[in-house]
Amino acid sequence: MDHHPISEDPKTPLLHLHDQIQRSQSFHSSLKSILTLENFFILLGPLLCTIICLCVKLDGPVASRNMLAVLVWVFAWWLTEAVPMPVTSLSPLFLFPLFGIASADDVAHSYMNDVIALVLGSFILALAVEHYNIPKRFALNITLVFYGDPLNPPLLLLGICGTAAFISMWMHNTATAVMMMPVATGILRRFPTGHDQSVVVSNFCKAVILGVLYSITIGGMSTLTGTDVNLILVGMWKTYFPQAAPITFNTWFCFAFPSALLMFLALWGLLCCLYCSRSSGQALSVYLDKAHLKEELELLGPMAFVEKMVLALFSMLIVLWMTRSITEDIPGWGVLFNGHAGDGTVSVMIATFLFIIPSQKQKGEKLMDWEKCKKLPWNIILLLGAGLAITDGVRSSGLANILSETLAFLEAVPYVAIAPAVCLISSSITELIISNNTTTTLIIPLLIQIAKRMHVHPLLLMIPGGIGAQFAFLLPTATPSNTVGFATGHIEIQDMIKIGLPLKIVGIAVLSLLMPTLGAYVFRTSEPIQ
């Protein structure tokens, strides 16, 4: 009879014990790697979606409940950033068809329409402007013009801030901040720092950074291409009311530019009163020499052919945007094409010229090549597409009608009370919780339903809500532009609050007053929507 040999090695039980400990540790480390906050946030979206599908009953079609569930899923991912924002922005492309909200083709159309084409062409042109260092040349020229003789600090501040506002009218706010802040800090670098810095110098530095920071936001309000929020709003208007007169580049400018101008003047006045008096000129002129600014401009050399061509194309695009549709009595060039051409049409056309016109630097080289376009902010383009898809889904699924019924209590609220509240709420959401793009995507469908319940024109609430979402002036984390300005080290949070709070109040007052007056005339809010 065979017997299994029994190990007499006293280390054998210890080895077994060691293996068990290793397996246990491996299991615990695997468990810890799975049970992370990031993974919880990833599961949170589908989990909330499932709970709504199983537990929520809406008085409407099943698609409306599914739309609410998908909406919660997408916003959960946007808020927590569990999945990269551009990837979350793509999720309606698979969620809408799977939940029976819309067909794959219908959802995909939201990601490439005239509004998206407008953004795409504008971004390509902005990359060309940035590549050829045009903003720096422009800023230095403006600074020299507004320098004064002798140095006039309020006038110089007006020139610097005006430059930032003008550039941000045509370029994305974040790109403008990234380009203008080095120009601003380059001017301030001539001043002493630390303990050697006087109160006058410190205040002027704060005024310049705060002025550039807020001027960029204010300038971005003025045009459709200045910021994504304006484009999201216009895209949603087109989606919800396809038969209504579209908001053109010219229409938006006629209302938004006067509003922005009033805010800009208020900003300049605040900065001059609190940080930058005229009497500070003598103390500042010791460090800020006009000759140094001229030297820096001379180092850039004369304008090259490529810079002139890019500026010419840029100017051509602005003229085409402004003249496509002027008034009913004076039709723009758009009538030549039976209304088929849009703002996106000319935006992409002018961008295409950049890849055709030779740069005259090297043989075969054009003003732009696709290599330079790798810096295109696809995250913004995809976010805009997602916003338009969500708007269309909320409307087509019937969820918009259900939301409208729940807001019936607002019928009795006067417009003069609701408009400032809309501005304040949208700006506060942007300030504390989410980006202004996401805020606009979230609140605009609600505001449309509130307007229906109040029996007022939707734009009377949509525009204060959309523009109000850009009034994030108090915290450095509220917008990327704020972060860029705060990172210079010249300002503190209390400085942002000191200027930002009264500026926010001015902005809300301007919108609340101009929307039912100038806005009613420009957007024809007294006429019924077709």
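User: In this predicted model, does Asp-495 count as buried or exposed, and what is its relative accessibility?
Analyst: In the predicted model, Asp-495 belongs to helix H24, and its carboxylate is engaged in a salt bridge with Lys-206. Buried is the class for residues under 20% relative accessible area. Asp-495 therefore counts as buried, its relative accessibility being 6%.

User: How far apart in sequence are the two partners of the salt bridge between Asp-495 and Lys-206?
Analyst: The closest N and O atoms of Asp-495 and Lys-206 are 3.6 Å apart, and Lys-206 is itself buried, with a relative accessible area of 17%. Asp-495 sits in helix H24, whereas Lys-206 sits in helix H11, which spans residues 199–222. The pair thus links distant parts of the chain, with a separation of 289 residues.

User: Which helices are tied together by the salt bridge between Glu-307 and Arg-137?
Analyst: The side chains of Glu-307 and Arg-137 meet with an N to O distance of 3.0 Å. Because the two residues belong to separate helices, their contact ties together parts of the chain that are 170 residues apart in sequence. Both Glu-307 and Arg-137 are buried. The helices concerned are H16, which carries Glu-307, and H8 (residues 134–145), which carries Arg-137.

User: In the salt bridge between Lys-372 and Asp-369, which relative accessible area does Asp-369 have?
Analyst: This pair is joined at 3.0 Å, taken from N to O, and the structure holds 5 salt bridges. Lys-372 is buried, with a relative accessible area of 17%. Asp-369, in contrast, is partly exposed, and its relative accessible area is 31%.

User: How are helices H16 and H17 oriented to each other, roughly parallel or roughly antiparallel?
Analyst: Helix H16 covers residues 305–323 and helix H17 residues 343–353, and the two pack with their axes 10 Å apart. H16 passes H17 in a right-handed crossing, and the angle between them is about 165°. Angles over 145 degrees count as roughly antiparallel, so the relation of H16 to H17 is roughly antiparallel.

User: Which residue lies 7.8 Å from Gly-393, C-alpha to C-alpha?
Analyst: Gly-393 is part of helix H18, residues 378–396, and at 2% relative accessibility Gly-393 counts as buried. Its partner in space is 297 residues away in sequence. That residue is Phe-96.

User: What is the phi of Glu-81, and where does Glu-81 lie?
Analyst: Most residues other than glycine have a negative phi. Glu-81 has a positive phi although it is not a glycine, and at 63% relative accessibility Glu-81 counts as exposed. Glu-81 lies in the loop between helix H3 (62–80) and helix H4 (85–90), and its phi is about 55°.

User: Where is Arg-524 found, and what is its relative accessible area?
Analyst: Arg-524 is a residue other than glycine with a positive phi, near 55°. Arg-524 is found in the segment after H24. Arg-524 is partly exposed, and its relative accessible area is 35%.

User: How much accessible area do the residues of the nonpolar patch that includes Leu-501 have together?
Analyst: Leu-501 is found in helix H24, residues 493–522, and is partly exposed, with a relative accessible area of 40%. On the surface, Leu-501 forms a nonpolar patch with Ile-493, Ile-497 and Ile-505. Together these residues have an accessible area of about 330 Å².

Note on methods: Residues are numbered from 1 along each chain as its sequence is written. This is a predicted model: local features need pLDDT of at least 70, side-chain atom pairs count only at pLDDT 80 or more; totals for chains, interfaces and linings use all residues. Side-chain values use heavy atoms; hydrogens and water are left out. Patches are made of residues with over 30% relative accessible area and no salt bridge: like charges are joined within 9 Å, nonpolar side chains (Val, Leu, Ile, Met, Phe, Trp, Tyr) within 5 Å. Accessible areas come from the Shrake-Rupley method with a 1.4 Å probe; for residues, only the protein chains shown count as cover. A salt bridge is a side-chain nitrogen of Lys or Arg within 4 Å of a carboxyl oxygen of Asp or Glu. Helices (H or I, at least four residues) and strands (E, at least two) are DSSP runs, numbered from the N terminus. Buried means under 20% relative accessible area, exposed over 50%, partly exposed in between (1.4 Å probe, protein chains only). Axes are lines fitted to C-alpha atoms, for helices over the stretch in contact, and angles run from 0 to 180 degrees between N-to-C directions. Angles under 35 degrees count as roughly parallel, over 145 as roughly antiparallel, 65 to 115 as roughly perpendicular and the rest as oblique. A crossing is left-handed if the near helix is turned anticlockwise from the far one by less than a right angle, and right-handed if clockwise.
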